[in-house]
Amino acid sequence: MISKFLNKQNLILLITLFSLVATAQKKQKVDGVAAVVGDFIVLDSDIDLMYIEMQSQGIDTKNITRCELLGKQLEDKLYAHQAIQDSIVVTDEEVTSFMNEQINSMVEQIGSKEKLYEYYKKKDEQDFKAYFFDIIKMNKLTSQMQRKIIDGVSVTPEEVKQFFNGIPKDEIPTIGAEVEIAQIIVKPVITKEDKQAVIDKLNGIRKDILGGTSSFTSKAVIYSEDPGSSSNGGYYKINKKTQFVKEFKDVAFRLNEGEISEPFETEFGYHIIQVDKIMGQDIELRHIVISPKVSSKAVAEAKEKMESIRTKIVNGEITFEDAARSSSDDKDTKNNGGLLLNPRTSEPKFEVSKLDPALYNQINTLNEGQMTNVFVDQERQGAKFFKILKVVKKTAEHKADFSTDYIKIKELALSDKQYKTIAKWTEENIEKNYIKINGEYKDCVFTNNWLKKQ
C-alpha cells in the first residue's frame, strides 16, 4: 500500500514539469482538442509534446499511456481553473519577478545569459521569457490551489498510530540504513590586514569610476569574482523578494540612481554596488565582489590546529563533543557537540543512500565511534577549510518500528491524509465543473471520474 502510493507520487512529480512545458509549446497548426476543463483546453499536441520532452530527458515512456498523460493534464487544468474561480491571483509581476530570480540563479550556474539562451535555443531574453511565462503562471496557479486544498491538514498521534496499525504486516515499509554524524571544522584565519587589502582595492575601483576614468561595467568584468554576473558587467535586476542575502539588499535599496555604495561585507566577500535604475519595486544594479585571500601561513596553521585537535581526541585528552564546543568554527553545530541535523527532519539521522557522495565516501568504512583523518573541504563560495567527521551511530536497514521510527511514520501518515484530501477535492470538483473528453480518450480508464460515469 505504502510503496504503491509513493510510486504514484513520484510518477506525478516526474510528469508535472513536462506537462507544463508542453502547454507552453503548442503547435502553430490547428490540432485536435483532447479535452476541455472549465476555461482550459488540452490539445493532442500537448500530449505528443509530453512524450517528446520525457524522452529527451531519458525517461522510458513505453509503459506510460496517452490516457495517463491526459489524466495529469486534466488534473493541472482543474487546479488552475478552480484557482481562478476561488480568486487565487497570480499577477504578471509575480510571474516576472519569479522568472527573473530563476534566470539569475541559472546564470550563476551556466555562466552568462547568452549561454542560457543558447542552451534553451532562444534567441534573446524576450524570446526566453515569452517561452517560460505561461509555464510559470500555470505552475503557480496549480501549486497554490494544491496548497490551499491541504492547508491545515495535520495528523494527531492517535491518527499516526491508526495509520501504522492499518498497514498489513507484509507491507510495512523498510527503513534504509541510517547514520548519525558529528563534525569539527577549523577555518584558516583571515586577518584584518587581509580584509583591509580588499576594502582598499574596492575603494580604489570606486574612486576610478567616480572620477570618470573607468566605467562600473568594465571594472566588474575585470575584477568581480561573481561568476553569475561578472561577464555581464555585474548586472542584476532585483526586488525585495529576490533571493539575495539581506546585507546586499539592505545596501541596494538604500541607494539612489547612479549612486555607488561604500564597500560592505556579506558571506560572499566585500562588495560595491551601483544602482542604474529604480523602477517601482524593482531596481537594476551592478556590483563587484572580491573575497579576502587566505595566506599560505594561515592555511598551514589551520591544518596544524585541526591535526592537534584530532590527536587529543584519539589520546583521550578531550572528547569529540567537547572539542567541537570549544574549537569548531562551525556555528551551526559546535553548540550541539558537532552533531549534524538533517534539514528535512531536524533530527540527527541521515539515510545512508541519500547522503551526498562526498560525505558518504568519507564515512562509509567507519564503525560507530570512529573518526576520519583530517581532510580539506570547501564552502560554496570556494573558501577551503579543514574537517574531521565522527560516526556517532549507525542503524542497519530494518522494518519500520512505531516507537523508533515515529517521525518517518508520521510523515507517511500525513502524506496519506493529504493525498486522500486532494482525492476527495478532485472528485467533488470534477462533478461541479464543465469537463468534456473527446475522441479516442472517451475509452480511457482514468483513476479519477473524468468521464463522469455513474
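Is Lys354 buried or exposed? In this predicted model, Lys354 is exposed, its relative accessible area being 61%, and its side chain takes part in a salt bridge with Glu351 in which the closest N and O atoms are 3.7 Å apart. This pair belongs to a total of 21 salt bridges counted in the structure.

A further salt bridge is formed between the side chains of Lys293 and Glu225, with an N to O distance of 2.7 Å. Because Lys293 is placed in the loop between strand S8 (282–290) and helix H11 (296–314), while Glu225 is placed in the loop between helix H9 (216–223) and strand S5 (235–238), the pair ties together parts that are 68 residues apart in sequence. Glu225 counts as partly exposed, with a relative accessibility of 38%.

Asp377 and Lys387 are likewise joined through their side chains in a salt bridge, at 3.0 Å from N to O. Here the link runs between strand S10 (residues 375–378), which holds Asp377, and strand S11 (residues 384–395), which holds Lys387, the two residues being 10 apart along the chain. The partners fall into separate accessibility classes: Asp377 is partly exposed at a relative accessible area of 26%, whereas Lys387 is buried at 10%. In addition, Lys72, Glu75 and Asp76 are joined into one network by salt bridges that share partners.

Lys387 also appears in the strand pairing around S4, as the bridge partner in S11 of Ile185. S4 and S11 run antiparallel and are joined by nine bridges. S4 additionally pairs with strand S9 (residues 349–351), again in the antiparallel sense, over three bridges, and in this pairing Glu180 stands opposite Lys349. In a regular strand, side chains alternate between the two faces of the sheet. For S4, both of these faces are covered, with Glu178, Glu180, Ala182, Ile184 and Val186 buried on one side and Val179, Ile181, Gln183 and Ile185 buried on the other. Since nine of the nine residues of strand S4 (residues 178–186) are buried, this strand is largely enclosed by the rest of the structure.

A separate element of the description is an open sheet of three strands, ordered S2-S1-S13 and paired in the antiparallel sense. Its edges are formed by strand S2 (40–43) and strand S13 (435–437), each of which pairs on one side only. On average, neighbouring strands of this sheet are turned by 15° against each other when direction is ignored. Strand S1 (residues 33–37) is joined to S13 by three bridges in an antiparallel arrangement, and within this pairing Val37 has Ile435 as its bridge partner. Helix H3 (residues 66–85) packs on the sheet, where the helix touches S1, S2 and S13, and its direction makes about 165° with that of S2.

As to annotation, an unreviewed UniProt entry lists residues 176–277 and 280–393 under "domain: PpiC". Over residues 176–277, the chain is 33% helix and 25% strand, and the C-alpha atoms at the two ends of this stretch are 53 Å apart.

Definitions and conventions
Residues numbered from 1 in each chain as written. Predicted model: local features only at pLDDT ≥ 70, side-chain atom pairs only at ≥ 80, totals over all residues. Heavy atoms only, no water. Salt bridge = Lys/Arg side-chain N within 4 Å of Asp/Glu carboxyl O. Helix = DSSP H or I, 4+ residues; strand = E, 2+ residues; numbered from the N terminus. Buried < 20%, exposed > 50% of the residue type's maximum accessible area, 1.4 Å probe, protein only. Pairing = 2+ DSSP bridges. Axes fitted to C-alpha atoms, helices over the stretch in contact; angles between N-to-C directions. Contact = heavy atoms within 4.5 Å. UniProt positions renumbered as here; feature names shortened; annotations may be inferred.
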